[in-house]
Amino acid sequence: MATAYERFNLHATPEKFYIEACDDGSNDVLVIDRVSTEMTLTGIKDIPPSGVTRPICGIMGTIRLVAGMYLIVITRKRKVGSLFGHTVWKAVEFDMISYKKTILHLTDIQMQDNKTFLSMINSVLNTDGFYFCTDYDLTHTQQRLANTSPDFQEMSLLERADQRFVWNGYLLRDFFAQPELQKFAFPVVHGFIAMKPCCINGKIFEWILISRRSCFRAGVRYYVRGIDSEGHAANFVETEQIVQYNNSRAAFVQTRGSMPFFWSQRPNLKYKPKPQINSTTNHLDGFQRHFDSQVLIYGKQVILNLVNQKGSELPLEQAFAKLVNTMENGMIKYIAFDFHKECSKMRWHRLQILVDAVAEMQDEFGYFMLNSEGRVVSEQSGTFRSNCMDCLDRTNVIQSLLARRSLQSQLQRMGVLHVGQKIEEQADFEKIYKNAWADNANACAKQYAGTGALKTDFTRTGKRTQWGLVMDGWNSMIRYYKNNFSDGFRQDSIDLFLGNYTVDESVIGLTPLRVQKDWKFLTLPIVMLVAFSMCIICLLLAGDTWTETLAYVLFWGTASAVTAAVILFNGKEFVDAPKLVQKEKMD
C-alpha cells in the first residue's frame, strides 16, 4: 500500500514554502510558490538556507480567502493508539499561513471579511475530533478493506479513501490533481476513535471504536436535517467496533443518519421548533437514492426509528414508514420504537424489548471476522441504521447495546469469554466499554449540536441517575442558546471548510457576510429590555399608593410581554442564521 510521509519541516521564504519530508531515506521536498500558487516537487539540495524553519506534523490543505491563499498545517498531534501496527494520530493544533506577506492591499471591509473567514476556519479546526494515519486507511471498514483489488492496494491514501469521510478533501483538491504530490498529504477523518487494551480471563485483547462523520450534507443540528437531492443524509455517521485477539480480528458496523426525506426544523427561539415536511418535493427519489447506496455499501438495512410516536415527531415517523412501504424493497425493514414512551419513569430496562426484537436479524447479519491466518471466516451482511431526531442521544444508547451483543458473540468465538460468561459480568471491561461509548456520544453531539450528549449517565453506568437528569437539563440549556444564537456562524464555518461556499478574491464588493438586519432585530429587544427594567424599578420604588404602583407595573409588564410575544412570533428573524449558503434552497 502506498503510504504518506509522517514527519515534515516547513521552510518559509518570502517567495516560497518548502515542505521537506523528514522520513528516513526521503529526499523529497514540496515547493509551493507563494505568488503563482503552483506546487512542484524538488530535492533537499534546493532548500535555501535563508528560510525560516519549523517542524510540522502534516498538511491539512490549502484554501482561498479574501486575502488570497492560505496553507493549513497540523502543528501538534497526539497518539491515540496502534491499529494493527499502524499508529493512529489525533490532530490537536493547527496553523494557517498566508501566501501573501501583507494584507495592506485590502480595503477595511475586505480585511474584516477576511478576519471573519479566518475565524470560521479556525472554528472548525478547533472542533475536537480530527484523526489521521499516514500508513493505514482509516476511512474504510475492515470488511471493505478485505474486499479490495491489488490495484486498489497500490493507490495512494488520498485516491483510495472513501470520500464520504475525508474532511480535508476540498482543502486537498490541488493534491488530487497532481498524483506525484500525494505522499505529502493524507485524508483526515472527523468523529471519534477510542483504542483500549483490555483483559478478560487473563487474555489481553485490543478493543477499538471508530465513528466516521460524513462530510456530505454536514452541518449543525437545526440547519441541516433530512437529505439532499443526491440522497446524502444529515449527520450521517458510520460506527465500527473492532476487537483484535491473537492476530484474529472481528468488526461490527452500524450507521446513523437523519430521517432520509426532505424535512427541516429551523430555529425560531422556541425551545423545540416544529419540524416541517416539504410538501412540494418528491421525497421518493432522494429516499431511494439514499437506500440504494446504503444497500450497495452495507447490504440489508434494518431501520430503527426511535422518535416519539406522538406530538410534533409523529408526522415524521409516519412519513418514514410510508416511504419504506411505498418503496417495497425486500432489503429494507422498518422498526419504530418510541424510546421516550418505553423508557419513561426511569424504566430503562425496557430497552431490552428492542434488543430482543432485533436479535434474530442481528444474528442473521453476523459480523466481519478474520482468523489468525488472515483468512475471512465471516462477513456482515447487513447493518442497523438508527435514528432519532438528532441521531445523537437516543441513537447512541441503542447502538451501544447492539454493539455489546455482537461483541459477546465475537469474544466467545475467539475464546476470550468462556461459555456462559457475559460481558456485563466483567466489571473492568464493562467500565471501559461504557465510558468509551459515552465519550463517542459526547464527541458526535459536540460536533453536531454544540454540547455533550444527553443520557450518557445511562451509557456510563447502565442506569439513569438524578445527577444525569440535572446535567441533561444544563446541556439542553446550552444547546438552546447555541442553536439559536451561534449556529449560523458554525454552519457557515463548515460550509466554507468543506467547499460548499468558495471565496472569490477577484470579486470586489459585498460578501454574503454583510447582510443587513431588519429594523426589528435591534429595536424590539431594546424596547423589551427597557420595559422589563421599568417594571422591576416600579416594583422596587413603590409609588404613593399601591394602585399607582400596580398601574405602572401592569403598564410596563404588559409592554415587555407584548414585545416578547412579537419577538417570538418573528423568531426566525432573531436567530443567528447561516449567510454563505442558502439552506432553504438546499432543502
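## The S10–S11 hairpin and its neighbours

Two residues lie between the strands in the hairpin of S10 and S11, and Asn201 there takes a positive phi near 55 degrees. The model is a predicted one. Strand S10 covers residues 189-200 and is mostly covered, with nine of its 12 residues buried. Strand S11 (residues 203-213) runs antiparallel to S10, and 10 bridges join the two. Within this pairing, Cys198 has Phe205 in S11 as its bridge partner.

S10 is also joined to strand S9 (residues 130-132), again in the antiparallel sense, by two bridges. Here Phe130 stands opposite His190 in S10.

## The S7–S8 hairpin

Strand S7 (residues 68-83) and strand S8 (residues 86-98) form an antiparallel pair over 12 bridges. Ile72 has Met96 in S8 as its bridge partner. The hairpin of S7 and S8 has two residues between the strands, and Phe84 takes a positive phi near 55 degrees in it.

S8 is joined to S9 as well, by three bridges, and these two strands run antiparallel. In that pairing Lys90 stands opposite Tyr131 in S9.

## The five-stranded open sheet

Towards the N terminus of the numbering there is an open sheet of five strands, in the order S4-S3-S2-S1-S5 and with antiparallel pairing. Its edge strands are S4 (39-43) and S5 (52-56), each of which pairs on one side only. From one strand to the next, the twist averages 25 degrees. Strands of a sheet pair through backbone hydrogen bonds, in either a parallel or an antiparallel sense.

Strand S1 (residues 8-12) pairs with S5 over five bridges in the antiparallel sense. One residue of this pairing is Ala12, which stands opposite Val52 in S5.

## Loop residues Thr13 and Thr37

Thr13 is found in the loop between S1 and strand S2 (16-21). Thr13 counts as buried because its relative accessibility is 7%, below the cut-off of 20%. Apart from its neighbours within four places in sequence, Thr13 is in contact with Tyr18, Arg34, Pro48, Ser50 and Gly51.

Thr37 sits in the loop between strand S3 (28-33) and S4. Phi of Thr37 is near 65 degrees, which is a positive value in a residue other than glycine. With a relative accessible area of 29%, Thr37 is partly exposed.

## Leu269

Another residue other than glycine with a positive phi is Leu269, at a value near 80 degrees. Leu269 is placed in the loop between strand S14 (263-264) and strand S15 (276-277). The relative accessible area of Leu269 is 11%, so this residue is buried.

## Helices H1 and H14

Helix H1 (residues 108-125) and helix H14 (residues 487-497) have axes that come within 8 Å and cross at roughly 90 degrees. H1 is therefore roughly perpendicular to H14. On the H1 side, the residues that meet H14 are Thr116, Phe117, Ser119, Met120, Ile121, Ser123, Val124 and Leu125, and on the H14 side they are Phe489, Asp492, Ser493, Ile494, Leu496 and Phe497. By type, the residues of this contact of H1 with H14 divide into nine nonpolar, four polar and one charged.

H14 is largely enclosed by the rest of the structure, because 10 of its 11 residues are buried. The buried residues in H14 are Asp487, Gly488, Arg490, Gln491, Asp492, Ser493, Ile494, Asp495, Leu496 and Phe497. Just after H14, Gly499 takes a positive phi of about 85 degrees.

## Nonpolar cores

The largest nonpolar core has 68 residues, and Phe205, Trp207 and Leu351 are those with the most contacts inside it. Helix H10 (residues 393-414) gives the most to this core, with eight residues. Leaving out residues up to four places away in sequence, Leu351 touches Phe337, Phe339, Cys343, Val397, Ile398, Leu401 and Phe458. Phe205, one of the core residues with the most contacts, is also the bridge partner of Cys198 in the S10–S11 pairing.

There is a second, separate core of 67 residues, which includes Trp89, Phe94, Tyr501 and Leu513.

Note on methods: Residues numbered from 1 in each chain as written. Predicted model: local features only at pLDDT ≥ 70, side-chain atom pairs only at ≥ 80, totals over all residues. Heavy atoms only, no water. Pairing = 2+ DSSP bridges. Helix = DSSP H or I, 4+ residues; strand = E, 2+ residues; numbered from the N terminus. Axes fitted to C-alpha atoms, helices over the stretch in contact; angles between N-to-C directions. Parallel < 35°, antiparallel > 145°, perpendicular 65-115°, else oblique. Contact = heavy atoms within 4.5 Å. Nonpolar A, V, L, I, M, F, W, Y, C, P; charged D, E, K, R; others polar. Buried < 20%, exposed > 50% of the residue type's maximum accessible area, 1.4 Å probe, protein only. Core = buried A, V, L, I, M, F, W, Y, C linked by side-chain atoms within 4.5 Å.
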